[in-house]
Amino acid sequence: MARKSRTERDAGLRQVSTATKWIAGLAAVLTGFITVWEARNVHHAGASTPTVVQQPASSGAADPGSSSGSGYSDPGYSDGGVQPPVSAPAPSDQSSSASSGGS
Amino acid sequence: MTTTINAAETRALGTTARIVVDGGSSSDALALMIPELEALEQACSRFRPDSDLSRVNDGQGRAIRVDPLLIEAVDIALRAARITDGRVDPTIGTALRWLGYDRDFATIDPLAPPSSLRAARVPGWQCVVVDRVRSTVRVPSGVDLDLGATAKAFAADRAAAHVAAALGCGVLISLGGDIAIAGPPPADGWAVRVTDDHAAGDSAPGQTVALTSGGLATSSTTVRRWTQAGTIRHHLVDPATGLPAAGPFRTVSVTAASCVDANIASTAALVLGDAAPDWLEQRHLPSRLTFHDGRALCVGGWPEPSPTP
């Protein structure tokens, strides 16, 4: 009788131990989820404020290859204003490669 | 130095797309350019009902999720508005529609029967909401965005950089006369004819100049013209009035660090009218302004035309 009682007690303790481990594991996972959710929530709250997004100074295309998959760098567009060319055009008497006009 | 110039041409973005390479294969260059232009058209066309821009314009004031390429193009258009104090404004789409420019220009009858006249000051670029994190764009109901002043130039810059990087040679791309240059230029630079109409050819009145970097754009009131209720219209709208810009110049050509900046400046100059030469000079932008009577004014270091013998 006493032997059966001890066996039942040990089995119960094992069940309690297993349940405790599961609870601890779930708590850890839940804590991680909550942390990530909170971080995203705060980030989105700031980003969704209805303001026009300002292009950072001297930033170029954020991800030029995002649509077509190409990985090149394209010219940066300065937020400081329209940027002049490195050098002014020179007179030319060659036959032209292209025409610039209204379209 | 040996220079081998090869060129190829196609139609894209409702206009002529020309690619010229120095030392590379023009067919390879064309094959690299076309997907770039198609991606931009799919994102930014006002006349394709399935484009991301059309979905934004039809969004009834809701935030619409779009391709990052449109986010980028709208950012560039908003930058243009900001740095020109609203003279180049992407919210002119509704004004253009009221003026009769409501479909691909090739399908507009320039002598269509009179329709009603409507015009209004544009709503203004400040009403555009861009959310980069969610990749959405929102405009108020009834507001149409039009990226015509910047998207084609953006496409030219983007495609030129892409092709030059891929082929490792000098590249010039002209999209309806919006010219972007990337990679090493030919020894004497890229010769470009500046005229009222990019399709007019070398014999048209104008001037040929050599470029080595950046971009060149020309805005002109002599093309994309149509008649509305007996009044001649063109596509360059003054955001302050919602009507076609009316100044002393018919055509303005500008060179800048990029094709986008050149196009922003040439469009702003036509809207500015009399104030344009000082505005361009203050920004050190070499420019050629053509009066309605054909006289040319060169500012900012643009070379004076050779005297006619």
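1. The expected span of a helix is 1.5 Å times one less than its number of residues. Helix α5 of chain B, residues 151-167, has 17 residues and reaches 24 Å from its first C-alpha to its last, close to the 24 Å expected on that basis. The model is a predicted one, and the notes that follow should be read with that in mind.

2. On the surroundings of the same helix: α5(B) is mostly covered, with 14 of its 17 residues buried. After α5(B) comes B:G168, and the phi of this glycine is positive, near 65 degrees.

3. On confidence: the average pLDDT of chain B is 88, and 85% of its residues score at least 70. For the complex, the predictor gives an ipTM of 0.83 and a pTM of 0.76.

4. On chain B as a whole: there are 7 helices and 17 strands in this chain. Of its 309 residues, 54% are buried. Taking contacts in chain B between residues at least 6 apart in sequence, 62% join residues at least 24 apart.

5. On the interface: 44 residues of chain A are in contact with 80 residues of chain B. On the side of chain B that touches chain A, the residues divide into 39 nonpolar, 24 polar and 17 charged.

6. On the sheet built from both chains: which strands make it up, and in what order? The sheet is open, has 4 strands and follows the order β1(A)-β9(B)-β8(B)-β2(A), with mixed pairing. The strands β1 (90-91) and β2 (98-102) of chain A stand at the edges, each with a single partner strand, so one side of each is left without a neighbour in the sheet. In general, strands of a sheet pair through backbone hydrogen bonds, either parallel or antiparallel.

7. On one edge of that sheet: β1(A) is joined by 2 bridges to strand β9 of chain B, residues 207-211, and these two strands run antiparallel. Within this pairing, A:A90 stands opposite B:A210 in β9(B).

8. On the other strand from chain A: in which sense does β2(A) pair with strand β8 of chain B, parallel or antiparallel? The pairing of β2(A) with β8(B), residues 190-197, is parallel and extends over 4 bridges. Here A:A98 stands opposite B:V192 in β8(B).

9. To draw the sheet together: β1(A) is antiparallel to β9(B), whereas β2(A) is parallel to β8(B). In the strand order, β9(B) and β8(B) stand between the two strands of chain A.

Conventions
Residues numbered from 1 in each chain as written. Chains lettered and ligands numbered in written order. Predicted model: local features only at pLDDT ≥ 70, side-chain atom pairs only at ≥ 80, totals over all residues. Pairing = 2+ DSSP bridges. Buried ≥ 20, exposed ≤ 12 C-beta atoms within 10 Å, placed from the backbone. Contact = placed C-beta atoms within 7 Å. pLDDT = per-residue confidence, 0-100. Nonpolar A, V, L, I, M, F, W, Y, C, P; charged D, E, K, R; others polar.
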